[in-house]
Amino acid sequence: MNPYWSPGIDKLSPYVPGEQPKLAQLVKLNTNENPYAPSPKVIEAIREEAGENLRRYPQADSAELRQVVADYYGLQPDQVFVGNGSDEVLAHTFFALFQQPKPLLFPDISYSFYPVYCGIYNIDYRTIPLRDDFSIGIEDYQLENGGIIFPNPNAPTGRLLALSSIEQLLKANRDSAVVVDEAYIDFGGQSAASLINRYPNLLVVQTLSKSRSLAGLRIGLAMGDVGLIEGLIRVKDSFNSYPMDRIGAKAAIASFKDEDYFQQIRQQIINSRDALTDALTKLGFQVLPSAANFVFATHPGHQAETISAKLREQGVIVRHFKQPRIKEFLRITIGTAEENQRLLEVLQQII
Ligand SMILES: *Cc1c(COP(=O)(O)O)cnc(C)c1O
């Protein structure tokens, strides 16, 4: 511990992201990035913005981008919040909504950043075990709570919760905020954004990192009732007035305006996921039904940690978590057709 640190800094347990190795030859299927490039129109918008304008601050309220997102989802701009990656949007959400006397609830197997935010803001939380089939059982959330958060589809399982279940959860928890983290929703689910006008306690968080191939730019958003969004804006403006830079904002706008490209790569990834699920099943894996751009798979005859190490020796990187309940699973990001083929070839040798 450094003597100049504030009290408590030594007690933080920061999030550890999947590694970004420097070797270019690797087949990198460990961090759920999109295997395809961003839309050419996005690249063009970035080039246009990269000039004289950069000496000026960006729009503090990101009005133009919020209007575009609002139009895309049939909402009003004051129902939309944007930030520097959805991790930052989530951090503001935990600060603005979840510092409550009652505990926050989230699944035991879920995005591992949630307990980290609870740590930095001293939020009391309780984890609710997923069912044996790794699905979220909404009846298990009928407890006194100061908020609920879960990814949909869930990470790292890939399992989707139906919109009707989310609506039931909202009805049963009108006194607390329910946050749905839709980082992977474009790969097979229906966004809960359609429920926003009926549930003032619903916040939907999304990112452009996965389905829109923009992990490198850091663009996240939240959608919800005007009151919830106002809370987030208060926190943001007490922290950083300009989280969205000019280039990111223009790129995000261009991405939402190129619907054809978005639909094309989204569908390609869905098709590859279904093909990869079939191929893994033929190799003896059990694969959870996934609505995301990754699959979560276990092999009854081989330890996941060993498979992961052997894949790495052959230049294929996947994600393995050491948590007891999921330590026999591998999370495999859907790559290009060639990358998925390489993965399968190496797996065939191992198994
Ligand atoms: C990737 C991911 C995020 C973070 O996305 P960024 O916008 O890149 O910060 C948030 N939630 C979940 C569940 C994710 O998998």
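A salt bridge is a side-chain nitrogen of Lys or Arg within 4 Å of a carboxyl oxygen of Asp or Glu, and between domain 1 and domain 2 of this predicted model the count is 1 salt bridge.

**The two domains**

To see where that contact sits, begin by colouring residues 9-37 together with 260-350 as domain 1, and then give another colour to residues 40-258, which make up domain 2. The C-alpha centres of these two domains are 24 Å apart, and their contact draws on 32 residues from domain 1 and 34 residues from domain 2.

**The surface between them**

Now show the surface where the domains meet, where about 2600 Å² is buried between domain 1 and domain 2, with carbon and sulfur atoms giving 62% of that area. Select Y15, F262 and R325, which on the domain 1 side supply 29% of the area buried against domain 2, more than any other three residues.

Keep R325 selected and add D108, since these two residues form a salt bridge in which the closest N and O atoms are 2.9 Å apart. Across this interface, 14 residue pairs are in polar contact, counting pairs with both residues at pLDDT 80 or more.

Next, highlight helix 8 (259-282) and strand 10 (294-298), the elements that give two or more residues to the side of domain 1 that touches domain 2. Helix 8 gives the most to this side, with 8 residues. If you colour that side of domain 1 by residue class, you will find 19 nonpolar, 7 polar and 6 charged residues.

**Around the ligand**

Move to the ligand and display the 13 residues around it, of which S86, Y184, T207, S209 and K210 come nearest. At S86, look at the backbone, where an N or O atom lies 2.6 Å from an oxygen atom of the ligand. At Y184, look instead at the side chain, which places a polar atom 2.6 Å from an oxygen atom of the ligand. Then select R218, whose side chain has an N or O atom 2.7 Å from an oxygen atom of the ligand.

**Backbone details in two loops**

Finish with the backbone, going to the loop between strand 5 (148-151) and helix 5 (163-172), where you will find P153. The peptide bond that joins N152 and P153 is cis, with omega at about -5 degrees. P156 also lies in the loop between strand 5 and helix 5, and a cis peptide bond with an omega of about 5 degrees joins A155 to P156.

The last stop is N122, in the loop between helix 4 (114-121) and strand 4 (125-128); although N122 is not a glycine, its phi is positive, at about 60 degrees.

Notes: Residues numbered from 1 in each chain as written. Predicted model: local features only at pLDDT ≥ 70, side-chain atom pairs only at ≥ 80, totals over all residues. Heavy atoms only, no water. Domains from an automatic or database assignment. Contact = heavy atoms within 4.5 Å. Buried area = accessible area lost by both parts, 1.4 Å probe. Polar contact = N/O pair within 3.5 Å; in protein donor to acceptor, adjacent residues only side chain to side chain. Helix = DSSP H or I, 4+ residues; strand = E, 2+ residues; numbered from the N terminus. Nonpolar A, V, L, I, M, F, W, Y, C, P; charged D, E, K, R; others polar. Near = heavy atom within 4 Å.
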